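User: Could you take me through one part of this protein at close range? I'd like the middle of the sheet, and how the rest of the chain sits around it.

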Amino acid sequence: EQRLRRRGLQLVSAMMGITAAAMRLAKPRDSVIRHADAGDSEVLSQLIDEPVLALGGKPRDGSGIALVELADANLDTLIADAHEGPQGLLQLRWGRPPPSAHWTRNSVELRRHYVRCRHRGQGIAKRLLDCAVGLARARQAAWIWLKVDSDSQQAVRFYQQHGFRFGGTSLFMEEGRERAQWVMCRELAERPARIGRAGSGR
């Protein structure tokens, strides 16, 4: 009986060791990218307010904004979700005239793109962007464009690394001051591969 009891304790210890190892190997960045639905109003409200508050802005009616946006047929809201909760979001806004006449053919605006501080550096921003680009291409969009603050160098570099280029400047008023944003754009059409002439050796 004592041998059986010791054996049982050994098995329990082994199982606990396996569980602990599995927990160490689990990656907190493991997440799914999904469309937001009507049940995500509270989550969306938090993700809308957080970046504003982090920059010292005034709190807004995040709940009201979220309800309006979830009901907007011209908005696609993507959420990065994990076991510990939402990690970030990205929105595509359809039907808004782009700031350049060259992009009028089926363009879509990348409106919000935010990853919570504790989840940054895990590739979540790229995964959200990749999903958004795939969605835009599936809906036959030719261009995707966005506005970014001219002093947000980290954001500018991120979008440059993912195929966006500068397309102009957009001015807006904030608390009585005129501020500038850069417009960045990315062409979504797949370009055909170049084929060298026969016998050229290329």
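Analyst: Here is a walk through the central strands, then the core around them, and then a few spots further out.

Keep in mind that this is a predicted model. For orientation, the protein chain has five helices and seven strands, and in sequence order they read α-β-α-α-β-β-β-α-β-α-β-β. Of its 202 residues, 33% count as buried. Long-range contacts matter for the picture that follows: among contacts with a separation of 6 or more, 62% are between residues 24 or more positions apart.

Let's start with strand β3, residues 85-94. Nine of its ten residues are buried, so β3 is largely enclosed by the rest of the structure. What sits on either side of it in the pairing? One partner is strand β2 (residues 75-82), which pairs with β3 in the antiparallel sense over eight bridges. The link between these two is a hairpin of two residues, and Ala-82 has Gly-85 of β3 as its bridge partner. Another partner is strand β4 (residues 107-115), which runs antiparallel to β3 and is joined to it by six bridges. Along that pairing, Arg-93 stands opposite Glu-109 in β4, and Leu-92 has Leu-110 of β4 as its bridge partner.

Strand β4 tells much the same story on burial: eight of its nine residues are buried, so β4 too is largely enclosed by the rest of the structure. Here the pairing direction is worth noting. β4 and β5 run parallel and are joined by three bridges, with Val-108 standing opposite Ile-144 in β5. If you're following the side chains by eye, remember that in a regular strand they alternate between the two faces of the sheet.

Now for the core. Which residues are its best-connected members? In the largest nonpolar core, which has 25 residues, Leu-92 and Leu-110 touch the most other members. The elements giving two or more residues to this core are β2, β3, β4, α4 (124-138), β5 (143-149) and α5 (153-161). Helix α4 makes the largest contribution, with seven residues. That kind of grouping fits a general habit: in soluble globular proteins, nonpolar side chains tend to be buried together.

Leu-92 is a good place to park the view. Leaving out residues up to four places away in sequence, Leu-92 touches Asn-74, Leu-75, Asp-76, Val-108, Glu-109, Leu-110, Ala-132, Leu-135, Ala-136 and Ile-144. Apart from the largest core lies another one, of eight residues, including Leu-44, Leu-47, Ala-66 and Tyr-114.

Next, the aromatics. The structure holds three aromatic pairs. In one of them, the ring centres of Phe-158 and Tyr-159 are 5.2 Å apart and the planes are at 80°, so the pair is edge-to-face. Tyr-159 also pairs with Phe-164: those centres are 5.4 Å apart with the planes at 70°, so this pair is edge-to-face as well. Phe-158, Tyr-159 and Phe-164 together form one aromatic cluster. How accessible are the rings' residues? Phe-158 has a relative accessible area of 19%, so it counts as buried; the cut-off for buried is under 20%. Tyr-159 is buried too, at 8%, and Phe-164 is likewise buried.

Back on helix α4, have a look at Arg-137. With a relative accessibility of 31%, Arg-137 counts as partly exposed. Its side chain reaches the backbone oxygen of Leu-188 at 2.9 Å. Arg-137 and Ala-189 are 52 residues apart in sequence, yet their C-alpha atoms are 7.8 Å apart in space.

One more polar spot to check is Gln-181, which lies in strand β7 (residues 177-187). Gln-181 is buried, with a relative accessible area of 17%, and its side chain makes a polar contact of 3.3 Å with the side chain of Asp-149.

Finally, the outside. The accessible surface of the protein chain comes to about 13,400 Å², and 52% of that belongs to carbon and sulfur atoms.

To put your part back together: β3 pairs antiparallel with β2 and with β4, while β4 runs parallel to β5. Leu-92 and Leu-110 are bridge partners, and these two residues also touch the most other members of the largest nonpolar core.

Definitions and conventions: Residues are numbered from 1 along each chain as its sequence is written. Side-chain values use heavy atoms; hydrogens and water are left out. Helices (H or I, at least four residues) and strands (E, at least two) are DSSP runs, numbered from the N terminus. Buried means under 20% relative accessible area, exposed over 50%, partly exposed in between (1.4 Å probe, protein chains only). A polar contact is a pair of N or O atoms within 3.5 Å; within protein, one must be able to donate a hydrogen and the other to accept it, and residues adjacent in sequence count only if both atoms are side-chain atoms. Two strands pair if DSSP finds at least two bridges between them. Contact means heavy atoms within 4.5 Å. Accessible areas come from the Shrake-Rupley method with a 1.4 Å probe; for residues, only the protein chains shown count as cover. A nonpolar core is a set of buried Ala, Val, Leu, Ile, Met, Phe, Trp, Tyr and Cys residues joined through side-chain atoms within 4.5 Å. Rings of Phe, Tyr and Trp (its six-membered ring) pair if their centres lie within 6.5 Å; planes under 30 degrees apart count as stacked, over 60 as edge-to-face and the rest as tilted.
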